[in-house]
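Please open the model in your viewer and keep the selection tool at hand. The tour proceeds from stop to stop, naming at each one what to select and what is to be found there.

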Amino acid sequence: MRVHQYIFGKDGGAEKFFVHLVGALARRGVEQTAVMRWNRRWREDVEPHARVIQSNFRNLSADRILLPMKVLSMARKDKVDAIISWSTRGARLMPAYNGAIKLSRLGDYPTHLGYFKNTDILVCNTPSIGDHVRKLGWTRGVEVISNFTDTTAVAPIDRASVNTHEGVPIVMTMGRFVLRKRFHLLIKAMAAVPDAVLWIAGDGEERGAIEAVIREHKMENRVRLLGWHKDTRPFVAAADIFVMPSSHEPLGNVIFEAWAQKKPVISSRSEGPSWFVRDGENGLLVDIDDVAGYTRAINQLIAQPQLAASIAEAGRNTLVGQFSEEAVANAYIELFKRKP
């Protein structure tokens, strides 16, 4: 079975899942070619499993004209069974090739359907994205296949290496430093959580604004900006509580990563988490932008370790039962079999 994939993202949750999926498909004997941006940090994780072709596919570049012809030629030469595009830029590259099933994977809500003129099936990672594209007028196929993550529990990092004392409650979050992640609100919430330390893994354009909020609330001694790490699992494993405060989160891959390390999760009531997090059972849900709500939830889990352990165990069970590699990879392979 041969599959071509087009992805032009940078370093977000979609790219992490792409790496996981490429590996999972390779382990099931699928031959793959990945067309992706130049010099991605995660390229070395893709190369053992797929042939990699690099291109920026920008509007003002020769590849904007040449790459569509190249991928169509490759599809014909390889006699591919399936082509997968990732997000809207990848969908623009989808060739008008009738010899393969053509899938566009969506991890967010598109504004219009013009990107998908050559797509047969939209693969949405939550039911609400599927509902959204139907409301936009999509009449071709829709499938809901969610993400999975590596469920291996890893050894925690030494807290001292992050200037954090033993016995101090550690709250962690991670992601790109963009406004919708609402890290600034979590810092404000942590100001009312006595003695606890906040770890934030990631980087991005909002770093200066986040540093300003830390200074404004005099949290310099209680916030650690960890930077970007290829593997954040040891940091998550060392934390006590994981918080995902985003105002907009179509799925929430970071919650899966926290559950994999058996950590209790607090999440905003954003789109994706509202689908799979059951409040009080496998996580705690807080209204979007409710700073006091985050403070209460964090203090509750610190004060009630039995509740924290119960929520962490239920989260891990949800991950293994609903978002396993086996189920997700097999669902994609079943789609590939729909080749015309």
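Select threonine 33 to begin; in this predicted model, threonine 33 belongs to strand S2. Is threonine 33 buried or exposed? With a relative accessible area of 5%, threonine 33 falls under the 20% limit and is therefore buried. Now display its surroundings: leaving aside residues up to four places away in sequence, threonine 33 touches Val3, His4, Gln5, Ala50, Arg51, Ile53 and Asp78. Add histidine 49 to the selection as well. Histidine 49 is 16 residues apart from threonine 33 along the chain, and the C-alpha atoms of the two are separated by 8.8 Å.

**The open sheet**

Next, select the strands of the sheet to which S2 belongs. Seven strands form this open sheet, with parallel pairing, in the order S3-S2-S1-S4-S5-S6-S7. Which strands stand at the edges? They are strand S3 (51-54) and strand S7 (141-144); each has a single partner strand, so one side of each has no neighbour in the sheet. Looking along the sheet, the student may follow its twist, which averages 20° from one strand to the next.

**Strand S4 and its partners**

Now select residues 82-86, which make up strand S4. How many of its residues are buried? Five of the five are buried, and S4 is thus mostly covered. A general rule is useful here: in a regular strand the side chains alternate between the two faces of the sheet. Show the side chains of S4: Ala82, Ile84 and Trp86 point one way, Ile83 and Ser85 point the other way, and all are buried.

Keep S4 selected and add strand S5, residues 101-106; the two pair in the parallel sense over five bridges. Two of the partnerships can be picked out: alanine 82 has isoleucine 101 of S5 as its bridge partner, and isoleucine 83 has lysine 102 of S5. Then add S1, which pairs with S4 in the parallel sense over four bridges. Here valine 3 stands opposite alanine 82 of S4. Valine 3 has been met already, as one of the residues that threonine 33 touches.

**Helices across the sheet**

Select residues 63-78 to show helix H3. Which strands does H3 lie across? Helix H3 lies across strand S1 (2-7), strand S2 (31-36), S3 and S4, and runs at about 165° to S1. Continue with helix H13, residues 325-336. H13 lies across S1, S4, S5, strand S6 (121-124) and S7, running at about 145° to S5.

**Two pairs of helices**

Select helix H6 (residues 183-190) together with helix H7 (residues 207-216); they pack at an angle of about 15°, and their axes are 9 Å apart. H6 is therefore roughly parallel to H7. The crossing of H6 past H7 is right-handed. On the H6 side, the contact is made by Phe183, His184, Ile187 and Lys188, and on the H7 side by Ile210, Val213 and Ile214. Colouring these residues by type shows five nonpolar, one polar and one charged.

For the second pair, select helix H11 (residues 291-303) and helix H12 (residues 305-322), whose axes come within 5 Å and cross at roughly 105°. H11 and H12 are therefore roughly perpendicular to each other. Gln300, Leu301, Ile302 and Ala303 of H11 meet Pro305, Leu307, Ala308 and Ile311 of H12. This contact holds seven nonpolar residues, one polar and no charged.

**Two loop residues**

Select arginine 182, in the loop between strand S8 (170-174) and H6. Its phi is positive, about 60°, although arginine 182 is not a glycine. Its relative accessibility is 16%, so arginine 182 counts as buried. Then select aspartate 289, in the loop between strand S13 (284-286) and H11. Aspartate 289 also is not a glycine and has a positive phi, of about 65°. With a relative accessible area of 35%, aspartate 289 is partly exposed.

**The last stop: strand S12**

Finally, select strand S12, residues 265-268. Both of its faces are covered: Val265 and Ser267 on one side and Ile266 and Ser268 on the other are all buried. Add strand S11, residues 241-244, which runs parallel to S12 and is joined to S12 by three bridges. Within this pairing, the bridge partner of methionine 244 is serine 267 of S12.

How values were computed
Residues numbered from 1 in each chain as written. Predicted model: local features only at pLDDT ≥ 70, side-chain atom pairs only at ≥ 80, totals over all residues. Heavy atoms only, no water. Pairing = 2+ DSSP bridges. Axes fitted to C-alpha atoms, helices over the stretch in contact; angles between N-to-C directions. Contact = heavy atoms within 4.5 Å. Buried < 20%, exposed > 50% of the residue type's maximum accessible area, 1.4 Å probe, protein only. Parallel < 35°, antiparallel > 145°, perpendicular 65-115°, else oblique. Left-handed = near helix turned anticlockwise from the far one by under 90°. Nonpolar A, V, L, I, M, F, W, Y, C, P; charged D, E, K, R; others polar.
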